[in-house]
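Work through the exercises below with the sequence and the model open. Try each task before reading its solution.

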Amino acid sequence: MPDLEQPIDGDRTLLTVNDTVAEKIGLSQGTFATPQAFAEARGYEIIAELEPTAGDRIVAFLSGFTARGILSTVFLLSLYIAFQTPGTGVPETVAASSLFLLLGVPFLTGYAQWYEILAVILGVGLILVELFVIPGFGVAGITGLCLMLAGLLMTFVPDIRIPVPGTGEDGTTPSYSFDIDWAGLRYGLATLVASMVVSLGLWWWLSRFLPSVPYANKLILNDVAGRPNEATASGGSSARASTPDPILPLGTVGETVSDLYPGGQARLNDQVFDVISDRGFVEKGDRVVVREVHGNRIVVRKV
């Protein structure tokens, strides 16, 4: 065949040809533009056409790396916000919904196995225990973070099972060897790293500018965070004074009057303020120092 490049494939590659080459070398008996044309040429009758449903298209879209990257970003960003300002329920709901899609769609398509889903759920649980039960950030938090990221990463990699030759021929269960889809692993790792970077950048941006955005600032501890709690300070009415907020210099040392989860109350300069800990849980009675003041938002850290 003088019009074909010789050799057609190399001695170390699989034979890969298009429809034209396949027809010329005898692998194909013809090319047809539509199923109807093929049926007419062969004398067949088309009794049904199977088209993807709307659900199939949605699952296919959510299985793509772009959609999963967006979902990973939304999930991580929601986790950051939920840990920083718990109690509103909005970031927790968004995080749970995005995690459901991140794990549910790969499970339906065969990419995620039950043990990978269990690793992610267990990892999130350990992080919650570390933040809200065990002060500080130690073994449970690091283990939970590793489990969560590893589980999410493995949902990008299909479970490839290769039957072992010679097994299962006598009616017994065949044996399988497992292989790793390195391309899927690379894409998954790149997607997760990009999602972490983007979510951290968005979280930094939101922490700086969200308190000044109307309506959106209601999602965080903004209208109370830098204001002295008059009810706690005086033991009387719950109404707050209309006087301007006092200025708290950075480095002011005080004492918590409630547990910080990470939000709570602390006594600073003989007044009780609603504050946020930048290091997670802080017990009642611990000494804290003012690290940041952004408008009405006071960020403290355990001394």
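**Exercise 1. Place Asp 270, then find which sign its phi has.**

Step 1. Asp 270 sits in the loop between strand 4 and strand 5. Helices (H or I, at least four residues) and strands (E, at least two) are DSSP runs, numbered from the N terminus.

Step 2. This is a predicted model, in which local features need pLDDT of at least 70, side-chain atom pairs count only at pLDDT 80 or more, and totals for chains, interfaces and linings use all residues. Residues are numbered from 1 along each chain as its sequence is written, and side-chain values use heavy atoms, with hydrogens and water left out.

Step 3. The phi of Asp 270 is near 65°, a positive value in a residue other than glycine. Most residues other than glycine have a negative phi.

Step 4. Asp 270 has a relative accessible area of 68%, so it is exposed. The classes are buried under 20%, exposed over 50% and partly exposed in between, with a 1.4 Å probe and protein chains only.

**Exercise 2. Describe the surroundings of Asn 269: which residues does it touch?**

Step 1. Asn 269 is in the loop between strand 4 (263-268) and strand 5 (271-277).

Step 2. Its phi is positive, about 55°, although Asn 269 is not a glycine.

Step 3. With a relative accessible area of 47%, Asn 269 is partly exposed.

Step 4. Leaving out residues up to four places away in sequence, Asn 269 touches Leu 248, Pro 249 and Thr 252. Contact means heavy atoms within 4.5 Å.

Step 5. Asn 269 and Gly 254 are 15 residues apart in sequence, and their C-alpha atoms are 7.1 Å apart.

**Exercise 3. Work out how helix 3 and helix 5 pack: at what angle, and with which residues?**

Step 1. Helix 3 (residues 54-63) and helix 5 (residues 90-109) pack at about 115°, with axes 10 Å apart. Axes are lines fitted to C-alpha atoms, for helices over the stretch in contact, and angles run from 0 to 180 degrees between N-to-C directions.

Step 2. Helix 3 and helix 5 are therefore roughly perpendicular to each other. The cut-offs: under 35 degrees is roughly parallel, over 145 roughly antiparallel, 65 to 115 roughly perpendicular, and the rest oblique.

Step 3. On the helix 3 side, Val 59, Leu 62 and Ser 63 make the contact; on the helix 5 side, Leu 101, Val 105 and Thr 109. These residues divide into four nonpolar, two polar and no charged.

**Exercise 4. Find the largest nonpolar core: how many residues does it have, and which helices supply it?**

Step 1. A nonpolar core is a set of buried Ala, Val, Leu, Ile, Met, Phe, Trp, Tyr and Cys residues joined through side-chain atoms within 4.5 Å.

Step 2. The largest core has 23 residues, and Phe 75, Leu 99 and Met 148 are among those with the most contacts inside it.

Step 3. Helix 4 (65-84), helix 5, helix 6 (114-132) and helix 7 (139-154) each supply at least two of its residues. Helix 4 gives the largest share, seven residues.

Step 4. A second, separate core of eleven residues includes Leu 260 and Val 290.

**Exercise 5. Is Ser 195 buried or exposed?**

Step 1. Ser 195 lies in helix 8 (residues 182-209).

Step 2. Its relative accessible area is 2%, so Ser 195 is buried.

Step 3. Beyond four places in sequence, Ser 195 touches Gly 69, Ser 72, Thr 73 and Leu 76.

Technical notes:
Nonpolar A, V, L, I, M, F, W, Y, C, P; charged D, E, K, R; others polar.
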